[in-house]
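I opened a new page for this structure. I want to go through it from the overall form down to single residues.

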Amino acid sequence: MKLWCKALKIPMPRSRFNDQRRKQFNYQKKKKRSHKKNLKRRRSLVYLLEELLGQFLIIRTENGKANLLGDRETVIFNMCQRILKEQKHFLTNPPSSIPDRIVSFAQPHIRPIVRGKENKPVEYGLKVHMVSVSGISYIEHMDFCAFHEGVRYQKTIQKHTEFFGKVNCAGADKLYANNKNRTSSTNKGIVTCFPRKGPKPKDPDKQKDALVKALSNARNTVMEGAFGNHKESYALKKITARNPQIQMLMVYTGVFASNARYLSQNKVA
């Protein structure tokens, strides 16, 4: 707004921006932040944003500059208006939720993904459903919104049949062990490492139990090791790009580079 006021040769409207910036800086340095202080800060910042947007609209109206904003600036301005509307809704309706609300100004397309981890209960960014076949990893599904991996088991088996042939055995964690996936695997003759339901049989099949144990060990070592290798060695642990298309491209590039290196070092039938 300073640049536009300078270009239009008009005085800069008065606001509480510098005062609120100083208060926000002091607030961020505090170790203990009560709910009352959090609410007070939110109200002050929402009021400041509404004041600045109103001042800009007045400048644009009084000077007859309908196209004062470029394409990128128009997107940012519309985003600010949407953020203001969402935050005012939260202040007036505390126990409420807004679908697809903006959680990041720099990346409005990302969504919070609740993982339940001890150090990172909530993560942001791409969620990838990846499958490993003979050491080769390929992306079955990828989205910025949270999705349940367990419901994609049958689609994964179908894609594997189309690309690689019939599936004889599949290793997956407990998340996939629902009744639909169990029934589908049994009907197709697929051996899985899902935990057994019901009491232990009196005469266990030792050969099948050994295969299930081998599948579980392979999943824990080969698959998890491949995923960790993608993150640590191919810059997928923290993607610095902000454009959603570039973020997806970086994930694909990292996985393809890992597969190319694996193929060059190992002979895969």
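The entries below give what I looked up, one topic at a time.

**Entry 1: the chain as a whole**

I noted before anything else that this is a predicted model. I looked up the secondary structure and found eight helices and six strands in the protein chain. Read from the N terminus, the order of elements is α-α-α-α-β-β-β-β-α-β-α-β-α-α. I then checked the radius of gyration, which is 27 Å; the globule rule gives 18 Å for 269 residues, so the chain is more spread out than a compact globule. Along the principal axes, the C-alpha trace spans about 85 × 45 × 35 Å. I also looked up burial: 29% of the 269 residues count as buried.

**Entry 2: salt bridges**

How many salt bridges does a search of the whole structure find? The search gives 11. I followed Glu140 through two of its contacts.

With Arg152, Glu140 forms a salt bridge whose closest N and O atoms are 2.8 Å apart. Glu140 belongs to strand S4 and Arg152 to the loop between S4 and helix H5 (153-163), so this pair ties together parts 12 residues apart in sequence. Glu140 also forms a salt bridge with Lys159, and here the closest N and O atoms are 3.3 Å apart. This second pair links strand S4, where Glu140 lies, to helix H5, where Lys159 lies, 19 residues apart.

I checked how covered these three residues are. Glu140 has 5% relative accessibility and counts as buried. Arg152, at 13%, counts as buried, whereas Lys159 is partly exposed with 27%. The cut-off I needed here is that buried means under 20%.

Next I looked at Asp209, which forms a salt bridge with Arg196 at 3.2 Å between the closest N and O atoms. Asp209 is in helix H7 and Arg196 in the loop between strand S6 (191-192) and H7, so the pair ties together parts that are 13 residues apart in sequence. Asp209 counts as partly exposed at 31%, and Arg196 is exposed at 52%.

I wrote down one network as well: Asp19, Arg22 and Lys23 are linked by salt bridges.

**Entry 3: aromatic rings**

I took rings as paired if their centres lie within 6.5 Å. By this rule there are six aromatic pairs. In one of them, the rings of Tyr252 and Phe256 have centres 6.0 Å apart and planes at 35 degrees, so I entered the pair as tilted. Both residues lie in helix H8 (residues 244-265), four residues apart, or about one turn of the helix.

Are Tyr252 and Phe256 buried or exposed? Tyr252 is partly exposed at 34% relative accessibility, while Phe256 is exposed at 53%.

I also found one aromatic cluster formed by Trp4, Phe56 and Phe77.

**Entry 4: charges over rings**

I looked for charged ends placed over ring faces. The charged end of Arg33 sits over the ring of Tyr27, 5.0 Å from the ring centre. Lys127 lies over the face of Phe147, and the distance to that ring centre is 5.1 Å.

**Entry 5: a nonpolar patch**

Which residues make the nonpolar surface patch of about 360 Å²? I listed Val103, Val114, Val122 and Tyr124. Tyr124 is found in strand S2 (residues 122-124).

**Entry 6: positive phi**

Most residues other than glycine have a negative phi. I therefore looked up two residues that have a positive value, Ser134 and Ala235.

Phi of Ser134 is near 55 degrees. Ser134 is in the loop between strand S3 (127-133) and strand S4 (136-143), and it is exposed, with 52% relative accessible area.

Phi of Ala235 is near 60 degrees. Ala235 is placed in the loop between helix H7 (206-233) and H8. Its relative accessible area is 48%, and Ala235 is therefore partly exposed.

**Entry 7: after the last helix**

My last look was at Asn266, in the segment after H8. Asn266 counts as partly exposed, at 32% relative accessibility. I compared its position with that of Gly125: the two residues are 141 apart along the chain, and their C-alpha atoms are separated by 32 Å.

How values were computed: Residues are numbered from 1 along each chain as its sequence is written. This is a predicted model: local features need pLDDT of at least 70, side-chain atom pairs count only at pLDDT 80 or more; totals for chains, interfaces and linings use all residues. Side-chain values use heavy atoms; hydrogens and water are left out. Rings of Phe, Tyr and Trp (its six-membered ring) pair if their centres lie within 6.5 Å; planes under 30 degrees apart count as stacked, over 60 as edge-to-face and the rest as tilted. Helices (H or I, at least four residues) and strands (E, at least two) are DSSP runs, numbered from the N terminus. Buried means under 20% relative accessible area, exposed over 50%, partly exposed in between (1.4 Å probe, protein chains only). A charge sits over a ring if NZ of Lys or CZ of Arg is within 6 Å of the ring centre and within 35 degrees of the ring normal. Patches are made of residues with over 30% relative accessible area and no salt bridge: like charges are joined within 9 Å, nonpolar side chains (Val, Leu, Ile, Met, Phe, Trp, Tyr) within 5 Å. Accessible areas come from the Shrake-Rupley method with a 1.4 Å probe; for residues, only the protein chains shown count as cover. A salt bridge is a side-chain nitrogen of Lys or Arg within 4 Å of a carboxyl oxygen of Asp or Glu. The radius of gyration is taken over C-alpha atoms; the globule rule is 2.2 Å times the number of residues to the power 0.38.
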